[in-house]
There are 2 protein chains.
Amino acid sequence: MKENKEEQSSTELKIFEAARDVFQAKGLEGTRMQEIADRAGINKSLLHYYYRSKEKLFEKVYQLSIIRVIPQIVSLLNEDLPLDQKLRNFTEKYLEIIIANPDIPLFILHELNKNPTRLKTFMLQEVGKKVQPFLEQLRQESKKGNTVDLPAEQILVNIMSMLIFPFIGRPVFQVIFDMDDAAFEQFIFERKRLLPGFIVQSVMKSNHS
Amino acid sequence: MKENKEEQSSTELKIFEAARDVFQAKGLEGTRMQEIADRAGINKSLLHYYYRSKEKLFEKVYQLSIIRVIPQIVSLLNEDLPLDQKLRNFTEKYLEIIIANPDIPLFILHELNKNPTRLKTFMLQEVGKKVQPFLEQLRQESKKGNTVDLPAEQILVNIMSMLIFPFIGRPVFQVIFDMDDAAFEQFIFERKRLLPGFIVQSVMKSNHS
DNA sequence: TTTTGTTTTAACCATATGGTTGAATCAAAA
DNA sequence: TTTTGATTCAACCATATGGTTAAAACAAAA
């Protein structure tokens, strides 16, 4: 037998990565198995040799896309830090994660929109539970008069929006601002530097450098 | 002949609306002509009687989805108002538009992502031109020290993000915050009331009620 | 009544696509 | 050398789907 064991046979990985790229770019129905095979540099038979069906392959890509992003995030919200530091920390780390996986949000949200039941809701409910303490912290600080006067949920939605949407809206922004790819990368780089401060400043009331 | 002229024959409209709903929910490839026919309460033959092909029908839905949203928005940016009022005005009106068309953003962005050439870029370039004066206004106020110290483009992206993303991320937010549909509508209603103030307060420096 | 455009019905075609199969090849491990 | 799993190749199947067609029914306008 050829190389095997240790890391999953590199072809299996090649197939998965090809599938991930194509599925994320074109969605479930928009994807052709042949295209995945081509991109992986193998033939269609081998696809089914490793992953029995399109559904199975998609499911794996979908689940792993979610798992790759979500747990990292919620853990950031549970660290024991004062609010402003936590906001800064969360913003920076989250931006790094999403910069490393810029196609995942649109992918997940489109598939979720098409088929709301596919995503196991308990997965998100877990997230919900982990988010509660953070919301509580926001409410506490709000009561002390340290934050802007806004429901905690609205604040969180504002933060998530500013973090994620630029990547989803990228093609629109690039045309409107007349940016080529390099310019947009630069724009994101700049954003990584400036956004933490902006978020802290807009959520917390006064005196925070 | 049956009723005709005046408004386009009501079946033609029925078909278009059915197509719009299905295309926006499932995307181009995810949509079956049969499903459109069913939803419109007619049969497949009649689809092709009015719209020759799936492509043609989709194109019409796609273009009109864009046209319905984009021009309204840019006009809001060119009104002759002081910055804080313009921000308030823009936020309120934009939210109304998007509340009336909550499915359009994800639809456009997914299709745009799949096929960047389908959208005539000159359309967005027009938007770009119309946005320039607003960016310039932002820069002027920034120079006067009236706004937060952030590039105009970053500010605009922040605003657009907070306006649009809640609708794209709706299914996620609903689970995380444990909201049923009614609760989420309420959340958006509340947002419409609070967001203009938050945006002004976070973009403009101090003393603005 | 005739005409004309609308709508249904039902059968049908061509194609793309997911998936299968079986034989052949190949390379490494035993 | 034998064995075994990986991989290719080519042909093939079943199905879904977009699209067509022709005939008939229908309803309003002329």
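Here is a short walk through this predicted model, stop by stop. Residues count from 1 along each chain as its sequence is written, and chains are lettered from A in the order in which they are written. Local features need pLDDT of at least 70, side-chain atom pairs count only at pLDDT 80 or more, and side-chain values use heavy atoms, leaving out hydrogens and water.

**Stop 1: the two domains.** Select 1–52 of chain A for domain 1, then 66–203 for domain 2; these bounds come from an automatic or database domain assignment. Their C-alpha centres lie 31 Å apart.

**Stop 2: where the domains touch.** Five residues of domain 1 of chain A are in contact with six of domain 2 of chain A (heavy atoms within 4.5 Å). Together the two domains bury about 460 Å², 55% of it on carbon and sulfur atoms; buried area is the accessible area (1.4 Å probe) that two parts lose on being put together, summed over both. Now pick Gln24(A), Leu28(A) and Glu29(A): in domain 1 of chain A they lose the most area to domain 2, together 78% of what that side buries.

**Stop 3: a salt bridge.** Keep Glu29(A) selected and add Lys114(A): they form a salt bridge, with the closest N and O atoms 2.5 Å apart (the rule asks for a side-chain nitrogen of Lys or Arg within 4 Å of a carboxyl oxygen of Asp or Glu). Across this domain interface the rule finds one salt bridge.

**Stop 4: the second chain.** Show chain B too. A turn of 180 degrees and a shift of 0.0 Å along the axis lay chain B on chain A with an RMSD of 0.0 Å (a least-squares fit on C-alpha atoms of residues with pLDDT of at least 70 in both). That is the relation of a two-fold axis. The copies meet through the same surface, because 100% of the interface residues of chain B are also interface residues in chain A.
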